[in-house]
Amino acid sequence: MLRIFIALLLASIPHQVFGQGVPLMTHFSPEEYDAHRQNWAAAQGHDGKMYIGNSAGILIYDGSNWQHLSVSTGNIVRTLKVASDSLIYYGGQNEFGVVQHDSLNNPIVRSLRNTLVADTLELGPVSSIKEHDNAIYFQSSNHIFIYTENRIDVIEAETSFTPMVTLDNELHVHQRGIGIMRVDGATLSAIPGGEQFSGSEVYGGVSFDDKNLIFTRDFGITVYENGNFEDADNEWISQISDQLVWRVAKIDSATFAIGTLLGGVFIADKDLNLLNVVNEQKGLQTNLVYNLFTDHENNIWAALDNGISIIHYGQPLSTYGERSNLYGGVTGLEKIGSRIYAGTTEGLFVMDTEVEDEFRRVDNVSRVVGMGRIADEILLSESNRTIRVFDEHTEIVSDQNFHNVYYQPGQDSVYTTNGSGIYRSPVKFPESTEYLFDAGSRIAELLLYQNEIWVLTDTEVRTFSKQGETLHIFSLEHDSGVTRFLKNIGGRIVAGTDWGMYIYDENEGSFIRQRRHDGSGFGQTYMMSECQEQDLWLRARGKMMKASLNDDPWEFTDTPYQLIGSKANDTIYKIICDDDNTWFGGAYGLYYMPGRDWNYQTEFNTSITRFYVNRDSLIYGGFGTPEESIVLPYDDNQLRFTFAGASYIKPGDTEYSVMLDGFDNDWGNWTTEDFKDYTNIREGSYTLRVRSRNIYGIEGNEASFAFSILPPWYRTYWAYFLYLMAIGAVLFTAHHIRVRQILKIQNIRNRIADDLHDEVSATLSSISYFAKAVERQPAEKRGRFVSLISESADDAKDKITDIIWAINPKHDDWQGLMAKCRRFASDLLESKEIRHHIDITEELVGKPDVEVRQHFWLIFKEIITNSTRHSEATQVNISIKKTGKKILLIVQDNGKGFNTNLVEKGNGLHTVFQRAEKIGAKAELKTEEEFGVRWSVHVDL
């Protein structure tokens, strides 16, 4: 019974609205916003975000994501108000309060109930909030709470209240059984005529510059003007009361919307002309509307019993489809008088725009494959016949079909095509069809130009005389793809293909590919239509474009028309113009745009909604401005920002561009991604800047967010102080080492001097002694002393050579030392014809100390020299090996040996031990007379 009752009520909804269609709408289901199905209120914050009163609390929508705030005492939020101070106030079940932010700028709610003197007062549902005289008024059924400067005054109802209204900038409230009263501070006072509403209920009001409108259940709409009340007398107003008026919202300076519990949303102007009705039949999720709100783009937000709907009434575009009784994809479109005919894949439909807002099916027509206008008639083709339509009467005129029809007003012939054939018929008798000729290929489109027949085939344009003689064949570029249209636009022949648009150049005698004003091509070009005053519509690159034929080169505007054919796989095939109005026929029905110009001039904000470090730790929640500067430690330099643009016309298509001042050199590319990640940000001060761009290409107000990143500990001031201290210590140590090196060099010099003195000076003294002896000796005895001088000179030379070699840095590695030892031993032993075996390791790497190198060499040389000069050995074995961290030198001969106790002090025996001691080595000697000599020397690496 309830459904029947509602159906009868819906049938009584007035439809005095013609040619409006169905406004574009966006719907949010409970699953999308993830909360209760029932919504009671809507408001828009100064940041552009939308706040929705829901049965589970407050929902926040920023254009990208939903957020949920729970409210105590039942959670139901029935009303919202954004005050002039940007604070957002809410009223709920036995509760009212304000939305604030926590330390991370997450939105939270703060109840104002605790400021009441009577803390236990039963509030009931708070259903209306108003701002007046710097105070916030919360109205429940039995009280009005006046909140100002953390103080709340209370007005108690004599009976009960209905929602407050503002009339002539004064606050008023309705009391049941009493009427409408003015609210003066914390008191109520009667107004003239207000008592006439004592038996009714007021559910809202709107104020315009010249009048106020009050909405009641019993009277419908009452006009309050110059202190007088006057009932509005209009059929639709009297009928709207049956739909149970519930809330009202002002759209702009001339229009308003009414939300009802049974009939959806009614839109009218301030002169009470009904403009549109949006209900379940037109796509609203439910007719049960609890509240309405108009955002800054004139979108109407409907808080519904089941979800949320945005009625994009502020956009000059509406649609006709199945909800307007228009079925199938549009294949043909013509307008004769006030009637618009739409041929579709499911038949022919007609609507008289002066008296109807829905289409009606024309009988006896099925799938329309071709359609054209001939004077005041329609010629259409089905799959197997041709039909003439005049008014709404149909007549079969041929059992053949056609794909194209061409007629120029004033001519007496109609040209049609079927496959590759061309036909001609008289205007008044299309059944008398004359076959002209075959074009030689499938015809995509046909037209007459300069008394010639021009046809577009799959790959080229051909011209014929009316007798069928081929005149010209114009090939399009080899990559032109599938052909789409051939038009006479302002006296220019234009062809459209999948790869662009071509214009016939009479001077060149060929088709020239066209470029846009920016130098780019048109891409896939579907259709073109010329409207009034040389306005040109074009479907290219998947977008609707508009230009004037006076533009050269072609400069098209596309951003204002992005909603036309914006559904997935929606393609516009036909366009017709009517005065200043345009109709677009596509795969999903019709788009209707009143007016020729479409200018979006609304400002909107861009918001930075979240700031995370390390992808998951929230630093900033997006509500309000941080009270303190955000400073991050260096370890938190992996950042993620989320953002949103507060344009709610296809918000999913909003694009963003980001630049981080101090890090990026320029703005990033436009993208629909609503987040941005940064990694490995160095220390410093940064400002994130975000731009948003809505579907119309309009940029919102830029958002910015400043923060700093501290340096790592090793780049802090105290670290630099430690570095200075360390550098000082290093410099001091280096100086100390340098001094030690200088002293070491000095010691080496002193040692070299000592060596020269010890090793060479005695030899030089001997030479001097021998030279003097030569002078004293007779000639026959001088030979012996000259021989001694020569030997001493050679010995001095060898000693100086050894000293120079020891201090030469070219010889400072072990490998060079070992090579020198091998050569010396081999040369000396071979010169004495002593058999020998030398085993010297090649594993030694690195560089020995210069003193170790010198003494090791002299020890080795002394031992080998002694073996060759004094041992009378016939075999000498030499071994140098690495054992652990030591070098072991072993020299074994088979000589006569000696008694160590009888060795004179000056011999080389003691020299070996002394040099070994100087370099920390251990030297061992084993020898006996007649048993040879064995030297072992252990040197630390």
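**Cysteines and a four-stranded sheet**

Colleague: Let's start with Cys821: buried or exposed?
Modeller: Keep in mind that this is a predicted model. Cys821 has a relative accessibility of 0%. The cut-off for that class is under 20%, so Cys821 counts as buried.

Colleague: OK, and which cysteine forms a disulfide with Cys531?
Modeller: The structure has 1 disulfide. A pair counts when the sulfur atoms are within 2.5 Å, and here they sit 1.4 Å apart. The partner of Cys531 is Cys577.

Colleague: How many residues apart in sequence are the parts that this pair ties together?
Modeller: Cys531 is in the loop between strand 51 (525-530) and strand 52 (535-540). Cys577 belongs to strand 54 (residues 572-578), so the bond links parts whose separation in sequence is 46 residues.

Colleague: Which burial class does Cys577 fall into?
Modeller: Cys531 is buried, at 11% relative accessible area. For Cys577 the value is 25%. Buried needs under 20% and exposed needs over 50%, so Cys577 is partly exposed.

Colleague: Switching to the open sheet with the order 15-16-17-18, which strands stand at the edges?
Modeller: That sheet has 4 strands with antiparallel pairing, and its twist averages 40° from one strand to the next. An edge strand here has a single partner, so one of its sides has no neighbour in the sheet. That describes strand 15 (161-167) and strand 18 (187-190).

Colleague: Which residue in strand 18 does Arg182 stand opposite?
Modeller: Strand 17 covers residues 179-184 and pairs with strand 18 in the antiparallel sense, over 4 bridges. Across from Arg182, in strand 18, is Ser189.

Technical notes: Residues are numbered from 1 along each chain as its sequence is written. This is a predicted model: local features need pLDDT of at least 70, side-chain atom pairs count only at pLDDT 80 or more; totals for chains, interfaces and linings use all residues. Side-chain values use heavy atoms; hydrogens and water are left out. Helices (H or I, at least four residues) and strands (E, at least two) are DSSP runs, numbered from the N terminus. Buried means under 20% relative accessible area, exposed over 50%, partly exposed in between (1.4 Å probe, protein chains only). Two strands pair if DSSP finds at least two bridges between them. Axes are lines fitted to C-alpha atoms, for helices over the stretch in contact, and angles run from 0 to 180 degrees between N-to-C directions.
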